[in-house]
Amino acid sequence: MKLATLIEPLDLDYINPDFTDEHFPYEDKGQGDVMLFHTKDKYLSAEEVLKRMNIKGLRPATLHEMLAWAKDNWKDEFVVVALGSVWTDRDGDRHVACLDQDGSLRDLDLSWCDDDWNEFCRFAAVKVPRK
């Protein structure tokens, strides 16, 4: 699935040019409804967020899953992060996608994966099927 077909219906004001099919190839992780996972902690590392998701039986949504969810569900209330797709740039920095709203502007941008995330972030997540 091409990123452009998922991004276009979102009517975004800014799209980071590094969102390419080469940097973020489609990954079929199976079926599942995307939901928002929220921690109320002030600051957490991505590693800690992933641990807490796992405890709740969730996995991080991919960029493609988050964008498909956003078409009908993103209401600009929160920063929404897709920790399930990580792109490493030529300097070795790891980046993840964030849907954000700044005033009246809606954007799809990259954040450093290894930053601490604050209580205003929501993480796109998918329920892991029981075995």
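Asp 11 is exposed, because its relative accessibility is 61% and the cut-off for exposed is over 50%. The residue sits in the loop between helix 1 and strand 1, which spans 14-15. Its backbone stands out too: Asp 11 has a positive phi of about 50°, although it is not a glycine. Keep in mind that this is a predicted model.

Asp 76 makes a useful companion. It lies in another loop, the one between helix 3 and strand 5. Here too phi is positive in a residue other than glycine, with a value near 65°. Asp 76 counts as partly exposed, because its relative accessibility is 22%.

Now turn to the interior. The largest nonpolar core has 24 residues. Those with the most contacts inside this core are Phe 19, Leu 63, Met 66, Leu 67, Leu 99 and Leu 108. Two helices give two or more residues to the core: helix 1 (3-7) and helix 3 (63-73). Strand 5 (79-88), strand 6 (94-102), strand 7 (105-112) and strand 9 (121-127) do so as well. Which element gives the most to this core? Helix 3 does, with five residues.

Leu 67 shows how these parts meet. Set aside its neighbours within four places in sequence. Leu 67 is then in contact with Leu 3, Leu 6, Ile 7 and Leu 10. It is also in contact with Leu 99 and Leu 108. Apart from the largest core lies another one, of 16 residues. Val 49, Val 96, Cys 98 and Trp 117 are among them.

Next, follow the strands. Strand 5 and strand 6 pair in the antiparallel sense, over five bridges. Val 81 has Cys 98 of strand 6 as its bridge partner. Trp 87 stands opposite His 95, also in strand 6. The two strands form a hairpin with five residues between them. In the turn, Gly 92 has a positive phi of about 90°.

Strand 6 carries on to strand 7. These two run antiparallel and are joined by eight bridges. Leu 99 is paired with Leu 108 in strand 7. Both leucines are among the residues with the most contacts inside the largest core. Strand 6 and strand 7 also form a hairpin, this one with two residues between them. Gly 103 in that turn has a positive phi of about 65°.

Strand 5 has a further partner. It pairs with strand 9 in the parallel sense, over three bridges. Val 79 stands opposite Cys 121 in strand 9. Why is strand 5 largely enclosed by the rest of the structure? Eight of its 10 residues are buried, so the rest of the structure largely encloses it.

Leu 83 gives a close view of this strand. The residue lies in strand 5. Leu 83 is buried, because its relative accessible area is 7% and the cut-off for buried is under 20%. Leave out residues up to four places away in sequence. Leu 83 then touches Ala 46, Val 49, Leu 50, Pro 60 and Ala 61. It also touches Val 96, Trp 117 and Phe 123. Of these, Val 49, Val 96 and Trp 117 belong to the core of 16 residues. Asn 118 is 35 residues from Leu 83 in sequence and 14 Å from it in space, C-alpha to C-alpha.

Arg 59 offers a charged case. It is found in strand 4, residues 58-60. Is Arg 59 buried or exposed? Arg 59 counts as buried, because its relative accessibility is 16%. Neighbours within four places aside, Arg 59 is in contact with Lys 29, Gly 30, Met 53 and Glu 65. Further contacts of Arg 59 are Ala 124, Ala 125, Val 126 and Val 128.

Two of those contacts of Arg 59, Gly 30 and Glu 65, lead to the last stop. The largest pocket has a volume of about 270 Å³. It is lined by 16 residues. Gly 30, Gly 32, His 64, Glu 65 and Ala 68 lie nearest its centre. The lining divides into six nonpolar, five polar and five charged residues. Helix 3 gives the most to the lining, with four residues. Helix 3 is also the element that gives the most to the largest core.

Key:
Residues are numbered from 1 along each chain as its sequence is written. This is a predicted model: local features need pLDDT of at least 70, side-chain atom pairs count only at pLDDT 80 or more; totals for chains, interfaces and linings use all residues. Side-chain values use heavy atoms; hydrogens and water are left out. A nonpolar core is a set of buried Ala, Val, Leu, Ile, Met, Phe, Trp, Tyr and Cys residues joined through side-chain atoms within 4.5 Å. Buried means under 20% relative accessible area, exposed over 50%, partly exposed in between (1.4 Å probe, protein chains only). Contact means heavy atoms within 4.5 Å. On a 1 Å grid over the protein atoms alone, a cavity is a set of points where a 1.4 Å probe fits but cannot get out, and a pocket is an open set with protein on both sides within 12 Å along at least five of seven lines; lining residues have an atom within 4 Å of a point. Grid points are joined across faces, edges and corners, and a volume is the space filled by probe spheres set on the points. Ala, Val, Leu, Ile, Met, Phe, Trp, Tyr, Cys and Pro count as nonpolar, Asp, Glu, Lys and Arg as charged, and the others, Gly among them, as polar. Two strands pair if DSSP finds at least two bridges between them.
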